[in-house]
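Good morning, everyone, and thank you for making time for a structure that is new to most of this group. Please take a moment with the sequence and the picture before I begin.

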Amino acid sequence: MAGGTAEEKKGASGWSVPPRTWVALALLAVVAVFVLQNRDPTQIQVLLISVVAPLWATLVAAVAAGLVIGWLLRPSARKKRQKR
């Protein structure tokens, strides 16, 4: 059998952890260290607005804004189908 059953894929302990779970846990640890090391307040100025916030929150907000911009600018499924 090439794929095997779910029972055959389990480790000796009776269950296995998928690799993406290990990656998620490693990223969570990195994020926790990042937040703990970047708790100092910083001043952010956008146009006429000035805000004081922790550095980690500022960087998270910038990444979130980038994700939203990327999501909004991605090609729609309809346009993808029309190309085919």
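I will go from the chain as a whole to a few single residues, and then to a patch on the surface.

Let me begin with a word of caution, which is that what you see is a predicted model, and that its confidence varies along the chain. The average pLDDT of the chain is 81, and 75% of the residues reach a score of at least 70. Confidence is lowest in helix α1, residues 6-9, where the mean is 53, while strand β2 has the highest value, at 92.

As for the overall layout, the chain contains 4 helices and 2 strands, and if you follow these along the sequence you read the pattern α-α-β-β-α-α. The chain has 84 residues, of which 2% count as buried, and its accessible surface comes to about 7800 Å², with 67% of that area belonging to carbon and sulfur atoms. If we take the contacts in the chain with a separation of 6 or more, residues 24 or more positions apart account for 3% of them.

Now to the single residues, starting with Asn-38, which sits in the loop between α2, residues 19-37, and β1. Is Asn-38 buried or exposed? Its relative accessibility is 18%, and because buried means under 20%, Asn-38 counts as buried. The side chain of Asn-38 reaches the backbone oxygen of Phe-34 at a distance of 2.9 Å, and, if we set aside neighbours within four places in sequence, Asn-38 is also in contact with Pro-54, Leu-55 and Trp-56.

Moving along the chain, we come to Leu-47, in the loop between β1, residues 41-46, and β2, residues 49-54. Its phi angle is near 55°, which is a positive value in a residue other than glycine. With a relative accessibility of 86%, Leu-47 counts as exposed.

Strand β2 itself holds Val-52, which at 61% relative accessibility also counts as exposed. Which residues does Val-52 touch, not counting those up to four places away in sequence? They are Pro-41, Thr-42 and Gln-43. Between the C-alpha atoms of Val-52 and Asp-40, which lie 12 residues apart along the chain, the separation is 10.0 Å.

Finally, I would like to turn to the surface, where Phe-34, Leu-55, Trp-56, Leu-59 and Val-60 make a nonpolar patch of about 380 Å². Some of these names have come up already, since Phe-34 offers the backbone oxygen that the side chain of Asn-38 reaches, and Leu-55 and Trp-56 are among the residues in contact with Asn-38. Which element gives the most to the patch? That is helix α3, residues 55-73, with 4 residues. Val-60 is found in this helix, and at 44% relative accessibility Val-60 counts as partly exposed, because that value falls between the limits of 20% for buried and 50% for exposed.

With that, I will stop and hand over to the group for discussion.

Conventions: Residues are numbered from 1 along each chain as its sequence is written. This is a predicted model: local features need pLDDT of at least 70, side-chain atom pairs count only at pLDDT 80 or more; totals for chains, interfaces and linings use all residues. Side-chain values use heavy atoms; hydrogens and water are left out. Patches are made of residues with over 30% relative accessible area and no salt bridge: like charges are joined within 9 Å, nonpolar side chains (Val, Leu, Ile, Met, Phe, Trp, Tyr) within 5 Å. Accessible areas come from the Shrake-Rupley method with a 1.4 Å probe; for residues, only the protein chains shown count as cover. A salt bridge is a side-chain nitrogen of Lys or Arg within 4 Å of a carboxyl oxygen of Asp or Glu. Buried means under 20% relative accessible area, exposed over 50%, partly exposed in between (1.4 Å probe, protein chains only). Contact means heavy atoms within 4.5 Å. A polar contact is a pair of N or O atoms within 3.5 Å; within protein, one must be able to donate a hydrogen and the other to accept it, and residues adjacent in sequence count only if both atoms are side-chain atoms. pLDDT is the predictor's confidence in each residue, from 0 to 100.
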